[in-house]
Amino acid sequence: MASRVQNPIQNRLWLLSFSTSSTSSLCNSVSLKKTRFTNRSLFGKRMPWSSSRRNLYCTCSTSRGSTMDSNTSPSSGRQNAEPFVITTPLYYVNAPPHMGSAYTTVAADAIARFQRLLGNKVVFITGTDEHGEKIATAAAACGCSPAEHCNVVSQAYRTLWRDLGIAYDKFIRTTDHKHEAIVKEFYSKVLANGDIYRADYEGLYCVNCEEYKEEKELLDNNCCPIHLKPCVAKKEDNYFFALSKYEGFLGKMLSENPEFVQPSFRLNEVQSWITSGLRDFSISRASVDWGIEVPNDAKQTIYVWFDALVGYISALLNDGEQPNLQTAISSGWPTSLHLIGKDILRFHAVYWPAMLMSAGLQLPKMVFGHGFLTKDGNKMGKSLGNTLEPTDLVQRFGPDAVRYFFLKEVEFGSDGDYSESRFINTVNAHLANTIGNLLNRTLGLLKKNCRSTLAVDSAIAAEGNTFKDAVEMLVTKAKTHYETLALSSACEAVLEIGNAGNLYMNQQAPWSLFKQGGAASETAAKELVIVLEAMRIIAIVLSPVTPSLCLRIYNQLGYTEDQFDAITWSDAKWGGLKAGQVMAQPKPVFSRIENQIEDGNAGETVKAGSKDKENINQNKSAIEV
């Protein structure tokens, strides 16, 4: 059984803080761990932690639970609306996007859309990480410059996000000039804090992870456990970040704020890394030209993680603004949620917080590490050569099917496996049948018997009706699941509304009532209004997951695209449909997938979706037009 997040996200995304006194004592008690380093030369002075709550660079506070900051009105005690800032990783452009990248971004988009439904100001950040050894190597293999290579692959991400209906607000490229300025300022702050020094380092290096590895964490033949490729012996004269100094800070922060890392079962992994001892890590490369120059040392470029992670801050800059840290963080820092894959959890839950502490910046409010998508039981990844091409999936099945399957069928936070037969059966059964077929048949009955016009307000039609109560309960259930990032469960709650609607139609049999005429016909007209009101609610509650499908449902119910764009979560309250509203002509909102796919076991061609036909027939057996 997969673990789940328990508390609503807005109840726990609060400012992480430290007391000034405890921070000072921890700093004094921790010594640097510089294993296998020679010719060390520490330089720069440590910048003292500020205790001012209005200092934009302050991570300290005098009380753990306080929410007073520069956005708070002291006289009213109310906090002005702060943006909900959500980020995906900045994706590495050594190759075009794969389904793992698409999955993270679709999930982030669903979360962002839900937050917008709640009426929150959302800043959804995504982008591309474009520096480093792998990029230069990939560009050389293609016979082009690194800049040309980055332009092509970065655009591929933008195109895929468009095709998947990703409504991001900011797209940052680490080759942007504004980003370079922010990275250099960030670096200088950490340097001034005494946390950067120069040293020789020798060890086993994973090019794909962009990280030195300890032998104890490697597989046979010194293979990286993530990329399954041998690490290479490497010796370099680099600059290092004093991560070990922050071992105590990080341990204390996690003990006081355990919800900083989610899902909760990933917290143990992060705490284990810290308690086993943190090693300082390299933040520059002498052998890689494709990167941002280290300030005051043109022979070194800034290490990819010390560069890329700062992109979450530089992305906040608006066009035309001065590229400096203060301007950037005043536009929404700290982030509400860093959404990442579990393979980069260490960088986001250990390295990044320590870097921010050193620079005197607030920590993000939450880091959520989701699981891997697998194919044939193996992790998908560009380095492994077994990717599932998201562009191909979208072209064959459409964005709604892709978004729905991966958010519904993968427990968010855990690993999930893809198979084409399961994909087709799921979207056919849920979207084409349970939801799409219910809407189409109900509208068909309305057209045949009521000239596509609602006879009564939905609120009046459902007075004292237990079906209405069930729908309202499921809407509340879906909201709770969205809040706790249980996206699969949120989809399941919406599907339950569809199932309940089909059952209600079976039980009420309005087609039979229409045949009886008189009062029975009036009752039948009310029943159709009730089912269509449930469909209207489905269109709102499922819209974070399948926005295009839900727009089509809304259009079928007689609403415009502008009206759909203006909906909020409060519109999911029962009673939206009014007497006299004219519905559109019945038209399927989701076509069944009837592809021909190869049966991998028998080598025979079978018709896609055949396995779910029995379920479809069972659900619609008593629903007639």
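## Cysteines and burial

A residue is termed buried when its relative accessible area is under 20%. By this criterion Cys 550, at 0% relative accessibility, is buried, and Cys 223, at 14%, is buried as well. These values, like those that follow, come from a predicted model.

The structure holds 0 disulfides. A disulfide requires two cysteine sulfur atoms within 2.5 Å. For Cys 223, the closest cysteine sulfur belongs to Cys 231 and lies 7.6 Å away, which is too far for a bond. For Cys 550, the closest is the sulfur of Cys 491, at 9.9 Å, and this distance also rules out a bond.

## The parallel sheet

Six strands form an open sheet with parallel pairing, in the order S4-S3-S2-S13-S14-S8. Its edges are strand S4 (170-173) and strand S8 (261-262), each of which pairs on one side only. Strands of a sheet pair through backbone hydrogen bonds, in either a parallel or an antiparallel sense.

Strand S14 (residues 367-370) pairs with strand S13 (residues 337-341) in the parallel sense over 4 bridges. Within this pairing, Ile 340 has Gly 369 as its bridge partner, and Gly 341 stands opposite His 370. S14 is also joined to S8 by 2 bridges, again with the strands running parallel; here Val 261 stands opposite Val 367 of S14.

The residues of S14 alternate in direction: Val 367 and Gly 369 point one way, Phe 368 and His 370 the other, and all are buried. S13, H12 and S14 together make a right-handed β-α-β unit.

## Helix H14

Helix H14 (residues 399-409) is largely enclosed by the rest of the structure, because 9 of its 11 residues are buried. The buried residues of H14 include the aromatic residues Tyr 404, Phe 405 and Phe 406. Asp 400, Arg 403 and Lys 408 are likewise among the buried residues of this helix, as are Ala 401, Val 402 and Leu 407.

## The second largest pocket

The second largest pocket contains about 420 Å³ of space. It is lined by 22 residues, of which Glu 214, Glu 217, Arg 279, Arg 346 and Tyr 351 are the closest to its centre. The elements that contribute two or more residues to this lining are strand S6 (211-213), helix H8 (267-275), strand S9 (281-282) and helix H12 (345-359).

By class, the lining comprises 9 nonpolar, 4 polar and 9 charged residues. Helix H12 thus has a place both in the pocket lining and in the β-α-β unit with S13 and S14.

Definitions and conventions. Residues numbered from 1 in each chain as written. Predicted model: local features only at pLDDT ≥ 70, side-chain atom pairs only at ≥ 80, totals over all residues. Heavy atoms only, no water. 1 Å grid on protein atoms, 1.4 Å probe; cavity = no way out; pocket = protein on both sides within 12 Å on 5 of 7 lines; lining within 4 Å. Points joined across faces, edges and corners; volume = space filled by probe spheres on them. Nonpolar A, V, L, I, M, F, W, Y, C, P; charged D, E, K, R; others polar. Buried < 20%, exposed > 50% of the residue type's maximum accessible area, 1.4 Å probe, protein only. Pairing = 2+ DSSP bridges. Right-handed = clockwise from strand over helix to strand, strands pointing away.
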